[in-house]
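User: Please give me a close look at one enclosed space in this structure. Then lead me outward from there to other parts worth seeing.

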Amino acid sequence: MKTGDIKAMFNPKTVAVIGASDEEGSVGRALMENLLLSDRRKVFPVNTKKETILGLAAYRYIADIPEHIDLAIVSTPAATVPGIVEECGKAEVEGVTIISAGFKETGEEGKRLEREIMEIRGHYGMRIVGPNCIGIIRPNIDLNASFLKTNPAKGNIAFISHSGALGGAILDWAVNSHIGFSMFASLGSMIDVDFGDLIDFLGNDYQTRSIMLYMEGVGNAKKFMSAARGFARNKPIIIVKPGRFTESARAARSHTGAMAGDDEVYNAAFKRVGVIRVKEFADLFHAAEVLDSKYLPKGQRLAIVTNAGGFGVLATDALIGLGGRLAVLSEKSISELDSFLPAFWSKGNPVDVLGDADRDRYIKAAQVCLSDPNIDGMLAIYAPQAILRPDILAEAIVAVSKQTPKPIITAWIGGESAQKGRDIFLKNNIPTYGNPEDAVKTYLYMYKYSRNLALLYETPSELSLQDAPPKNHLKAFIRRVTGEGRTLLTEEESKDFLINYGIPVTMPFMAHDVEGAVSLAGRIRYPVVLKVVSPEITHKSDVGGIRTGIYSDAQLRTEYSGLIRSVQEKAPHASITGITVQKMIEDIDYEIILGEKKDKDFGSVILFGMGGVGTEVFKDISVGLPPLNQTLARRLMEETEVYKVLHGYRGKEAADFKELEQIIVSFSNLIVDFPEIAEMDINPVAISNGRAYALDARIVLDPDCIEHTMQYPHLVITPYPTRYVTTWRMKDGKEVTLRPIRPEDEPLEHELLSTLSEETLRVRFFTILKDISHEMLTRFCNIDYDREMAIVAEIKEGDTKKIIGICRIIIENDLKTAEYAVLVHDDYQGRGLGYKLLDVIIGIGQDKGLEEIYGTVLSENEKMLGTAKKLGFRQSRQPDGITKVTLRLR
């Protein structure tokens, strides 16, 4: 099966319109007219009843067209589409856009048609956009493959919309606002090409600087996360996602599952991959215009300089209301401002330079603020005054901006005269707005983007064999339990998992009758917690199933009877198998919850928040995607209100945050290792005298994941694969570390590429690289280990590490084949390193279940061809001096 070329589909030389028409007002005619606006490609109308359409010869079937077709656009009734897609497959069309409606949005028959189309796609391999979409527009290459009447100007913003009608309306608004685009795409039902595919494509499009998405659902979450991680560092991705769904929370069987709705999970996913989510459509464009700014704020602390105090107050209200921080001026700054501002100036932030300020007073105030170490960025506000012209002040602000790394946002308030100042800012890439509220909002988006980008460098590792706790006995236990038809583990069984991963617990002891409970309580010799054990009861406190206290034997017998009676009254159909007795932790300072649930899109997610009986009342939680390391664990805690409480209050000792970080990381490792877990919570984790203990735990198993074949079927972010880290010696005995690449390898990768000879660059890249850009290096170093692998060869020279070679394998969309490439530095060639790296690639291909790997080699590159031949690769000569080498793995 040949996989369709998505690049050819989005930059077609030949386009067929199936359902083309010359009837006024028809979709078929609108498509033809838009395509014929440009003469850069050949357009072939397909219509079984017409001989010519708009002056072009029409073809009855796509098979009749004498040329290879890059893009076929289908606008025929839904029932005819599967047959047409099959004809496109037989004609080896690269991609199909299905404009037609009448599919899953109409019910079961429409869903059946979609399934039929996907089966056909699976057989032939072409890519499909839609159905029920508007089409694609790429102004920079004069392509309008849509039926919209709008033709946007050329620009550097890409806009991808799930909804056709809504996307079209936004596009129309943007065009009227003189905003240019590099691409507009409507994805419709998204049965094949989705957001991940478009981000991948646009990430390599130099004319796209930022990507805007209107997303109703993510589609393939793993693909989206992978693509976003790869490009968000270079090209800001801004998303509007409507809707707050609760279906998954309703079905949950644990506190954790009930608390985490879909929307919170989407927020966590977006943060983890450096994506910014905005609430309003206007914010899409505000953010897209500034997030690729050279300077992003390192913090929230904003200074406000204004010549109108009222606007400074409005800006402050907006800042605090949106969760930002008003910077506190240093004593040095206040002293400097005192030296030239009128005696009755505001003496703080906002800095009101007053309405009679001239340019010099305003600029001196701005310079003082920007030099203050307590300030991360500045908002400059101008309101029309008789003394100060807006354009003159704007030019001065531009000059100041070139002398500081701190971002400057401006709000030039007023009509035509203020517009002159805003135009100056726009020409110099300084964000500018007509009101302070939008300016503040944009500054905070810039800060959030900067903060989210930091997470992209966090690549938590899978546990090595030496560090991983023993888990096979727990895997066997899960199979026994599910074999018995049980998916809910008891508290004691659940805590066995925690103990295995080093999470401190208070262990319950099982009593099957009252005398057993009395005996256990006597052995514990401390205040005790009594809990009813029943597979049907999720929240024991809801049915009076928990009692705590210091009991005599007689009192305990009474409590035991009362406990059983309460549960039988409130849950008459529940079966009670016994009661657990455990030591009660006294003097509990704080209670938190730590849990996991499986999201329908993003797989396993981890939750942290306020625990105890207030868990579902306050819903103070944050969500993170495993795997987590200590940095990500701390971020998970910081995003809750309880984090502030844990620092101590009213004489209570602060929690040990290092211990909490380690507990969260250990919990994450547990979740990574066990895709069989559907839901889990530890509620509460009690903190007493600074130490943490898991008081209660619950695990719900996922019967669909017991016999999984993938390594991490439940994760959308693959852990750093430590299993591929090894040491090896070259022929001269020099020790080399072979390991997967990391995002922080960018400087080492740059050194490798920049010190290669022109000849080595030419035979590896088929050209001499003159510009090794940050964007290129980011793409090389920041990879999804699931669909790509790069192994670097690293040596140490003294205290300095150096990459001397790299091999890479990129898995294709069919998941069966992959392309490889190998590069060895000139100084280390001829020592067996290339042979070793290629052998490693073969092993990784086998590990990933690939059927075939191939490489493209210059026919003159005899060294690499010889190495490939030794390792069993077949060679086939291609045009233009290229040889393709192929190895079957099974």
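Analyst: The second largest cavity holds about 100 Å³ of space. The model around it is predicted. Which residues line the second largest cavity? Its wall is made of Glu 749, Leu 753, Arg 764, Phe 765, Phe 780, Ile 806, Cys 807, Arg 808, Ala 821, Val 822 and Leu 823.

Four elements each supply at least two of these residues: helix 26 (746–754), helix 27 (758–765), strand 34 (800–811) and strand 35 (817–824). Helix 26 brings Glu 749 and Leu 753. Helix 27 brings Arg 764 and Phe 765. From strand 34 come Ile 806, Cys 807 and Arg 808. Strand 35 adds Ala 821, Val 822 and Leu 823. By class, the lining counts 8 nonpolar, no polar and 3 charged residues. The charged ones are Glu 749, Arg 764 and Arg 808.

This is one enclosed space among several. The structure has 6 cavities of 30 Å³ or more. The largest cavity offers about 130 Å³. Its lining is Ala 268, Lys 271, Arg 272, Leu 455, Val 623, Gly 624, Leu 625, Leu 628, Leu 632, Arg 635, Leu 636 and Glu 639. Helix 10, strand 27 and helix 23 each give two or more residues to this wall. Here the classes are 7 nonpolar, 1 polar and 4 charged. Gly 624 is the polar one.

Some of these residues lead on to an open space. The second largest pocket has a volume of about 1600 Å³. It has 40 lining residues, and those nearest its centre are Asn 267, Lys 271, Leu 322, Lys 448 and Glu 639. Lys 271 and Glu 639 are also in the lining of the largest cavity. Which elements give two or more residues to this pocket? They are helix 10 (262–272), strand 14 (276–278), helix 17 (436–455), strand 27, helix 23 and helix 24 (642–645). Helix 17 has the largest share, with 7 residues. The pocket lining divides into 14 nonpolar, 7 polar and 19 charged residues.

Now follow the chain from strand 27 (621–624) to helix 23 (630–638). Pro 627 sits in the loop between them. The peptide bond from Pro 626 to Pro 627 is cis, with omega near 5°. A second cis bond joins Gly 130 and Pro 131, with omega about 0°. Pro 131 also belongs to a loop, the one between strand 7 (127–129) and strand 8 (135–138). Most peptide bonds are trans.

Strand 7 takes us to a sheet. It is an open sheet of 5 strands, ordered 2-1-5-6-7, with parallel pairing. Strand 2 (42–46) and strand 7 are the edge strands; each has a single partner, so one side of each lacks a neighbour in the sheet. Neighbouring strands are turned by 20° against each other on average, direction ignored. Strand 1 (14–18) pairs with strand 2 in the parallel sense over 5 bridges. In that pairing, Ala 16 has Phe 44 of strand 2 as its bridge partner. Helix 2 (27–35) packs on the sheet and touches strand 1, strand 2 and strand 5 (71–74). The direction of helix 2 makes about 165° with that of strand 1.

Another strand shows enclosure well. All 6 of the 6 residues of strand 22 (528–533) are buried, so the rest of the structure largely encloses it. Val 528, Leu 530 and Val 532 point one way. Val 529, Lys 531 and Val 533 point the other way. In a regular strand the side chains alternate between the two faces of the sheet. Strand 22 has antiparallel pairings with strand 23 (546–549), over 4 bridges, and with strand 24 (578–583), over 6 bridges. Val 529 is bridged to Thr 548 in strand 23, and Leu 530 to Val 581 in strand 24.

Two loop residues round off the view. Leu 54 has a positive phi near 50°. It lies in the loop between strand 3 (52–53) and strand 4 (56–57). Is Leu 54 buried or partly exposed? Its relative accessibility is 32%, so it counts as partly exposed. Asn 689 has a positive phi near 55°. Its loop runs between strand 28 (677–688) and strand 29 (691–694). At 52% relative accessibility, Asn 689 counts as exposed, because the cut-off is over 50%. Most residues other than glycine have a negative phi.

Conventions
Residues numbered from 1 in each chain as written. Predicted model: local features only at pLDDT ≥ 70, side-chain atom pairs only at ≥ 80, totals over all residues. Heavy atoms only, no water. Buried < 20%, exposed > 50% of the residue type's maximum accessible area, 1.4 Å probe, protein only. 1 Å grid on protein atoms, 1.4 Å probe; cavity = no way out; pocket = protein on both sides within 12 Å on 5 of 7 lines; lining within 4 Å. Points joined across faces, edges and corners; volume = space filled by probe spheres on them. Nonpolar A, V, L, I, M, F, W, Y, C, P; charged D, E, K, R; others polar. Pairing = 2+ DSSP bridges. Axes fitted to C-alpha atoms, helices over the stretch in contact; angles between N-to-C directions. Contact = heavy atoms within 4.5 Å.
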